[in-house]
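Hi,

Here is the model I promised to pass on. Have a look at it first, and then read my notes underneath.

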Amino acid sequence: MYWRALILILTLFSSLSTTAHKRTNICTPINPMNITECKKLLTLGAELGWNIHNNTHIDILFTVPISTEDTPKWVAWGVNPRRKRPRMIGTRAIIAISQANGTLKVSRYNITSDTKLGCRLQPLQPSKEFEDVVVQNMTGDVIPNRYMSIFATLILRPDLAAYDIARLNHVWQVGYEADEVALEPKMHPTALQNVDSTETTNLFNRKGISIGHRRHHLRMVHGILNVVGWGTLLPFGVIIARYCRRYPFHCTQWFFSHVSCQIVGYILGTIGWAIGIWLGHASKEYHFHTHNILAMFIFAFTTLQMIALRLRPTPTDDYRKYWDMYHHFLGYALLAVIILNIFHGIAILKPDKTWLWAYIGILAVLASITLCLEIYTWCKFMKSKMKIPNTSGDVQPSSQPPTS
């Protein structure tokens with residue numbers, strides 16, 4: 001029974017991951033420029049459309065969805081001549097800044113190391129060009145509550161061999177503050193979605209790969225393992241121990257079932273925790289201190305709980321009742337921290353909303369089971385208390401509900 005439930009939960013979250021991956025490949029371009037090719041990018045809901053005239057002459061249409069609650073002040077897209085992998089520094093960017101009248105002002109920007117240090121980002125003069133790419137026909141379009149887009153024609157310098165449309169390094173971004181008069185975009189957010197907005201794309205077959213793409217899948221695995229292991233199986237093991245040990249149900253296999261849930265949940269959670277540690281060391285661009293501290297707390301004290309399988313005192317030891325109090329209190333505290341950290345992790349990843357609602361659904365099921373069993377426990381206890389009188393005519397309970 002327990003293994004079937006585990007397989008069901010793993011299948012659910014795997015299907016959510018597969019669905020999200022498929023959605024990144026589905027693209028219906030907003031097409032005012034007769035764009036023939038389109039690719040949905042991994043982050044920020046962005047789409048990139050293009051036409052290929054030849055190996056050095058392409059049209060691009062970059063689009064970002066907007067809404068009343070989420071309307072950027074500026075959007076940006078650019079190419080990077082690096083041969084290894086794309087990054088912000090060195091990008092030849094096209095940035096559209098929203099104006100007071102609702103239109104977009106589009107300009108060219110050269111992103112340098114000074115920009116990363118906090119220096120002001122100023123547009124190139126109209127008379128100047130990038131040294132390795134010519135940008136023509138720049139226009140911006142915005143439809144409220146639908147999208148902001150940039151269209152441009154790029155002529156890549158073939159003599160410098162800096163660009164190859166079979167592996168074009170490109171970067172995209174959005175920001176929420178800008179000086180619309182000086183056409184100066186301010187710092188963008190530093191969430192995962194923003195930091196991972198780079199890709200190397202083959203414009204001939206629409207396939208793309210990036211460091212963020214690889215890390216994205218590892219983050220999904222990290223999230224699934226922790227949700228299933230620590231966020232589902234550990235609470236289910238606690239329910240078994242509380243309601244199947246003595247009261248209201250006496251199950252002879254309760255300890256085996258409880259330990260099985262805890263061991264499998266611990267193994268899955270620890271694997272997910274280890275992946276998270278690796279991701280933290282491999283991703284120097286961002287740090288999530290609260291998430292990391294809570295994860296360390298969870299791993300350390302969950303490990304301590306698992307050690308209790310071998311080191312717990314015997315039932316005849318004088319201090320056994322104090323150990324039971326400690327074991328139960330620490331277990332319930334861990335459940336609270338685990339649930340808190342899972343929601344914090346979902347807020348960091350910002351995956352499809354289905355993930356959030358799926359875990360809320362799992363918690364609702366576990367809470368409903370606990371509530372029903374708790375009500376049944378107390379009803380059974382009160383009923384037995386009313387049925388068994390003592391010799392003096394008073395009523396004595398036949399058993400006590402669990403306090404663990």
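I'd start at W77, keeping in mind that this is a predicted model. Leaving aside residues up to four places away in sequence, W77 touches L48, I60, F62, R92, A93, I94, I150, L154, H170, V171 and W172. Several of those names come back when you look at the nonpolar cores. The largest one has 32 residues, and W77 is among those with the most contacts inside it, along with I60, F62, V75, I94 and L154. Quite a list of strands gives two or more residues to this core: β2 (47–54), β3 (57–65), β4 (74–79), β5 (92–98), β6, β7 (133–143), β8 (147–156) and β9 (168–175). The top contributor is β8, with five residues. That fits a general habit: in soluble globular proteins, nonpolar side chains tend to be buried together. Apart from this core lies another one, of 20 residues, including L234, I298, L363 and L366.

Now the sheets. One is an open sheet of six strands, antiparallel in its pairing, and its order is β6-β5-β4-β9-β12-β13. The edges are β6 (104–110) and β13 (208–209); each has a single partner strand, so one side of each is left without a neighbour in the sheet.

Follow β9 in that sheet, as it has partners on both sides. Towards β4 there are six bridges, and the two strands run antiparallel; V75 has V174 in β9 as its bridge partner. Towards β12 there are four bridges, again antiparallel, with N169 standing opposite T200 in β12. Is β9 buried or exposed? Eight of its eight residues are buried, so β9 is largely enclosed by the rest of the structure. Both faces are covered: L168, H170, W172 and V174 are buried on one side, and N169, V171, Q173 and G175 are buried on the other. As a reminder, in a regular strand the side chains alternate between the two faces of the sheet.

Further along, β12 (residues 198–201) is joined to β13 by two bridges, and this pair runs antiparallel. T201 is the residue that stands opposite G208 in β13.

The other sheet I'd point you to is also open, with five strands in the order β1-β2-β3-β8-β7 and antiparallel pairing. Its edge strands, β1 (37–40) and β7, each pair on one side only. On average, neighbouring strands here are turned by 15° against each other, direction ignored. Four bridges hold the antiparallel pair β1 and β2, and E37 stands opposite W50 in β2.

Two smaller stops before you close the viewer. E184 lies in strand β11 (residues 184–185) and is buried, with a relative accessible area of 6%. Not counting residues up to four places away in sequence, E184 touches I97, R120, L121, Q122, A178 and D179.

Then there is helix α7 (residues 320–349), which has 30 residues. How far should it span? At 1.5 Å a residue, the expected figure is 44 Å, and the end C-alpha atoms are 43 Å apart, which agrees. Just after α7, K350 takes a positive phi of about 50°.

Shout if anything is unclear.

Cheers

Terms used:
Residues are numbered from 1 along each chain as its sequence is written. This is a predicted model: local features need pLDDT of at least 70, side-chain atom pairs count only at pLDDT 80 or more; totals for chains, interfaces and linings use all residues. Side-chain values use heavy atoms; hydrogens and water are left out. Two strands pair if DSSP finds at least two bridges between them. A nonpolar core is a set of buried Ala, Val, Leu, Ile, Met, Phe, Trp, Tyr and Cys residues joined through side-chain atoms within 4.5 Å. Buried means under 20% relative accessible area, exposed over 50%, partly exposed in between (1.4 Å probe, protein chains only). Contact means heavy atoms within 4.5 Å. The expected span of a helix is 1.5 Å times one less than its number of residues. Axes are lines fitted to C-alpha atoms, for helices over the stretch in contact, and angles run from 0 to 180 degrees between N-to-C directions.
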